[in-house]
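Colleague: I am new to this model and would like to look closely at a single part of it. Could you take me through that part slowly and explain your terms as you go?

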Amino acid sequence: MAFDKMELKDIEVWDGNFAAAQALRQSQIDVVAAYPITPSTPIVEGYAKFLADGYIEGEFVMVESEHAAMSGCVGASAAGGRVATATSSQGFALMIEVLYQASGMRLPIILNVVNRALAAPLNVNGDHADMYLGRDSGWIQLGAYCPQDAYDLNFIAFKVAEDHDVRLPCMVHQDGFMTSHTAQGVHTLTDDVAYSFVGDFKPMNDMLDFEHPVTHGVQTEEDWHFEHKARQHNDLMTKVLPKIQAAFDSFEKLSGRKYNLVESYDMADADVCVVCMGSSVETAREVATEMRAKGIKAGVVGIRVIRPFPFMEIAEALKGVKAIAALDRSSPNGAPGMLFNEIAGALYNTADRAMLCGYIYGLGGRDLTKKHLANLYTELQANVDAGKITTQLQQFIGVRGPKLAFL
Amino acid sequence: MANIGWDEFEIGAMLRTFDGKIDDIAGTLQEDRAYSPNSSFVASVADWRIKKPVFNKDFCIDCQFCWVYCPDLSIIARDKKMIGVDMDHCKGCGICVEVCPTNPKSLLMFNEHTDEETALAQWPTKEEKE
């Protein structure tokens, strides 16, 4: 390999952005086409610096917008390279049109999304509005809770997305600022170990294979479009989760770090539980432990794979629980939250249909405090004690003004 | 293309220009290439055309301007000699006529239904410069 290796300590103090940038370096990305945006900027900045310093053999393409960034990634990926980029919020929204192109063309691009609120009002802080915007785009979506996850899940993403049975693009999500700019100890892999896990890029139907010319980005109408979309959905529903599980298993052998499609904490005997995503999972775990000291059997379920949604695994994880809170960090704007809906769907046909409440929290980077979560667990326990839901189905947490509750 | 089911085609909405491996495609004339049924080369788009170019070899100086400028690679030239127009792919844009430098022009646009003999009989004579 015609580039320098970097000596890393076993544990480095990295924020989520730098952890992701290091993972991109160690995966030896051929092309990054990027238009930096807060709070994801340091990821592509980091890649550019590693490239300039001779740690990567690749190409950084500077473009005029996020739409162009993802378009550049589509071209480079169709040409046959290992491709990644990063974005947030408004930039993610501008990419949306091309995200559907990337997944429909079955191009294994990795997109680090540092979750940030969507305007208006303009806001640079973390919530899940951009992540939710991408959930029907046909991409795989993995959720990191901390810088360590952001590092590890990038390797998992390449491993799964580039598998020839999968060939779907993958987003790695981390919370803006809370994860992206919070430095923590991150256990590293050496360059050789990390690269051998991801492996050499194996092109498929690449445009630079001149002996097998292909046309990418074709047009289909009512005669073919449905079949292509059906195939993509079929592959997401049947092939991706087993491949992610297999990647998690081999990553555990390599690193000792274990990831699951659905993360369960204190769930073995839990009566009440919180289901949430991102950095909130770690806060909820801490509060659950404290609630147990007060006699409430509290647990936490963290969503690790957002798409494809682990429908069966969620139902299994929530088996035997009496009251559940689904926490959505994105304004559903006229509906129950996404997690509420998905979990309701997963539980509806099960025998022990637990009481399910939805909570909207943390918009625009508003803190979710331990006190919020302690109150929430107490409310869930009150539901259990009363044998029925004592509140409205949807409530807002941490918003100023009169109590907001609906349904 | 056959109406096959969702599980019977390659992923990625991509189409192969040739079935299987190809070799020395640059050195092979279009008519000798084994294009797959998915290649646009085998599909006629002649019905997109309202007017058609007619080639009159009596005036052509083989300058290749039409070949260079045609946006659809529809000028057929062999050994740097203009042979004619690929009427399956020509869309009748008229660029070849526009760039033709001869006097009179060696390519002119005619109505689609005008036959070649009639078109050639109507060909204008050399315009004298004043």
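**From the strand pairing between chains to the sheet**

Modeller: A good place to begin is where A:Val214 stands opposite B:Arg16, a residue in strand 1 of chain B. Here strand 9 of chain A (residues 214-215) and strand 1 of chain B (residues 15-16) pair in the antiparallel sense over two bridges; strands are said to pair if DSSP finds at least two bridges between them, and helices (H or I, at least four residues) and strands (E, at least two) are DSSP runs numbered from the N terminus. This is a predicted model, in which local features need pLDDT of at least 70 and side-chain atom pairs count only at pLDDT 80 or more, while totals for chains, interfaces and linings use all residues. Residues are numbered from 1 along each chain as its sequence is written, with chains lettered from A and ligands numbered from 1 in the order in which they are written.

Chain A itself is divided into domain 1 (11-255) and domain 2 (263-406), with bounds that come from an automatic or database domain assignment. The centres of these two domains of chain A, taken over C-alpha atoms, are separated by 29 Å, and 27 residues of domain 1 of chain A are in contact with 20 residues of domain 2 of chain A, contact meaning that the C-beta atoms, placed from the backbone, lie within 7 Å. On the domain 1 side, helix 5 (129-133), strand 6 (140-143) and helix 8 (225-255) of chain A each supply at least two residues, and helix 8 of chain A gives the most, with five residues.

Now to the sheet, which is open and has seven strands of chain A in the order 10-12-11-14-15-16-17, with mixed pairing. Its edge strands, each pairing on one side only, are strand 10 (262-265) and strand 17 (405-406) of chain A. Within it, strand 11 (residues 272-276) and strand 12 (residues 298-303) of chain A pair in the parallel sense over five bridges, and A:Val274 has A:Val300 of strand 12 as its bridge partner. Helix 11 (residues 338-348) of chain A packs on this sheet, touching strand 11, strand 14 (323-328) and strand 15 (355-360) of chain A, and its direction makes about 145 degrees with that of strand 14 of chain A; axes are lines fitted to C-alpha atoms, for helices over the stretch in contact, and angles run from 0 to 180 degrees between N-to-C directions. Helix 12 (residues 370-386) of chain A lies across strand 11, strand 12, strand 14 and strand 15 of chain A, running at about 130 degrees to strand 11 of chain A.

Definitions and conventions: Two residues are in contact if their C-beta atoms, placed from the backbone, lie within 7 Å.
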